[in-house]
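User: Hello! Could you take a close look at one part of this structure for me, and then work outward from there?

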Amino acid sequence: MINEKILIDDYYQMLIEKNSAYEGIFYVGVKTTGVFCRPTCPAKKPKKENCQFFETAQEAALSGFRPCKRCQPLSAPTSLSPEVKQLIQAIEANPQRKWTDRDFDELAISANTARRQFKKYFGMTFIEYSRARRLGLAFKQIRNGKPLIETQLEAGFDSGNGFRDAFSSFMGVVPKENGQIKVLTMAWIETILGPMTVVADDEGVYLLEFVDRRGLEKEVANLRQKLKAAIVPGSNPIIEELTEELERYFEGNLKEFKTPMLTFFGTAYQQRVWAELCRIPIGQTISYKELALRMGDPNASRAVARANGGNQLSLLIPCHRVINSNGQLGGYGGGLKRKEWLLKMEKQMIKP
């Protein structure tokens with residue numbers, strides 16, 4: 001149990017704010033109800049004097065608290081509502097299905113709920129999301145040489161012009177018969193520290209970030225623009241491999257990621273810094289000054305810090321292993337508490 005007053009004050013404030021950056025960092029036991037929750041639990045917040053804070057869910061359970069039924073602290077955290085999860089499962093069960101508002105009756109979900117909640121999480125309605133999923137499949141088929149007219153009809157478009165307009169509206173490019181189209185897939189991966197967004201194709205991962213990272217939308221837009229690519233929801237073998245590796249990593253059972261990374265969108269200097277970051281052994285840290293020395297310029301601490309901050313492959317390129325010369329954590333796009341948790345977990349991983 002956590003007894004430090006400063007931490008208790010900090011954690012209680014994060015509990016009040018439902019701060020997602022503290023997912024997995026602490027759990028709160030509520031004396032008046034006997035349950036324990038994650039920081040983002042939607043339930044009414046207890047008074048501070050009725051709270052006990054724990055580093056792990058196991059500690060809370062061993063102290064006699066039972067898991068909250070609303071936020072389910074024993075499962076991976078997510079900000080997706082049950083309705084959105086159900087709708088995504090429905091799409092994945094038949095990704096080529098052409099949905100209409102009337103189809104929501106069979107799921108016992110109102111069309112307004114689906115529209116509002118999908119807009120909140122993904123910036124598009126459920127109908128738009130399902131259409132983007134169909135268009136993503138169509139992209140792959142065209143790229144693999146399937147005739148455009150056949151792909152258009154299978155995607156549920158009777159009109160060729162409508163098909164091309166839909167592509168242009170969602171993805172910024174118009175499909176061509178020869179299939180010269182670059183398609184990236186975006187997915188949502190649940191982790192103990194909160195959900196992460198991954199963008200990948202069949203060659204490797206382009207982006208991996210916590211979904212609450214500031215500026216994530218801009219990162220995705222820049223990636224789309226730099227690569228002149230369409231980014232569509234879905235999954236592929238690379239994302240499946242990464243999901244499995246992330247699960248093992250957060251369990252403390254994976255010391256090195258094998259999932260291919262694609263970093264050619266960075267500058268030559270950034271790529272050199274990122275390559276150096278990948279040489280930092282798990283369980284160890286270096287300072288920005290030491291990183292600058294390794295780059296051959298002892299006065300380049302700020303330059304390497306900027307390159308560090310430009311890393312879009314969180315965890316895969318371990319920028320969290322760089323700290324200040326005075327031993328303080330320094331910055332981290334995913335939040336300092338996550339950085340602290342990651343470093344502590346990695347040190348535990350190498351203990352004999």
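Which residue stands opposite V35 in β4?

Analyst: Happy to help, and please keep in mind that this is a predicted model. The residue facing V35 is R66 in β4. V35 belongs to strand β2, residues 35-37. β2 and β4 run parallel to each other, paired over two bridges.

Stepping back, this pair is part of an open sheet with four strands, ordered β3-β1-β2-β4 and with mixed pairing. β3 (51-54) and β4 (66-67) form the edges, each having a partner on one side only. So much for the sheet itself; helix α1 (residues 5-17) lies across two of its strands, β1 (27-30) and β3. Relative to β3, α1 runs at about 100°.

The loops around these strands are also joined by charge. A salt bridge connects E23 with R38, and their closest N and O atoms are 3.2 Å apart. E23 sits in the loop between α1 and β1, while R38 sits in the loop between β2 and β3, so this pair ties together parts of the chain 15 residues apart in sequence. E23 and R38 are both buried.

That salt bridge has company, as the whole structure contains 14 of them. One of these joins R213 to E219, with 2.8 Å between the closest N and O atoms. Here, too, both R213 and E219 are buried. Another is formed by R321 and E346, whose closest N and O atoms lie 3.0 Å apart. This pair links distant parts of the chain, 25 residues apart: R321 is in the loop between α12 and β10, and E346 is in helix α13 (residues 336-349). R321 counts as buried because its relative accessibility is 7%, under the 20% cut-off. E346 is buried as well, with a relative accessible area of 1%. Salt bridges also link E276, R279, E290 and R294 in a network.

Since R321 follows α12, that helix deserves a look of its own. In α12 (residues 301-309), the buried residues are V304, A307 and N308. They share one side of the helix, because they cover an arc of only 105° around its axis. The general pattern behind this is that an α-helix has 3.6 residues a turn, so residues three or four places apart point the same way. On the face of α12 turned away from the buried side, you will find the exposed residues R302 and R306. The cover over the buried residues of α12 includes α10 (268-277), α11 (288-294) and β10 (322-323).

One last stop is E245, in helix α9 (residues 237-250). With a relative accessibility of 4%, E245 counts as buried. Leaving aside residues up to four places away in sequence, E245 touches L254, E256, F257, K258 and T259. Of these, F257 is twelve residues from E245 in sequence, with 6.7 Å between their C-alpha atoms. The side chain of E245 reaches the backbone nitrogen of K258 at 3.0 Å. That side chain also makes a polar contact with the side chain of T259, at 2.8 Å. For this buried glutamate, then, polar partners are found at both K258 and T259.

Terms used. Residues numbered from 1 in each chain as written. Predicted model: local features only at pLDDT ≥ 70, side-chain atom pairs only at ≥ 80, totals over all residues. Heavy atoms only, no water. Pairing = 2+ DSSP bridges. Contact = heavy atoms within 4.5 Å. Axes fitted to C-alpha atoms, helices over the stretch in contact; angles between N-to-C directions. Buried < 20%, exposed > 50% of the residue type's maximum accessible area, 1.4 Å probe, protein only. Arc of directions from axis to C-beta. Polar contact = N/O pair within 3.5 Å; in protein donor to acceptor, adjacent residues only side chain to side chain. Salt bridge = Lys/Arg side-chain N within 4 Å of Asp/Glu carboxyl O.
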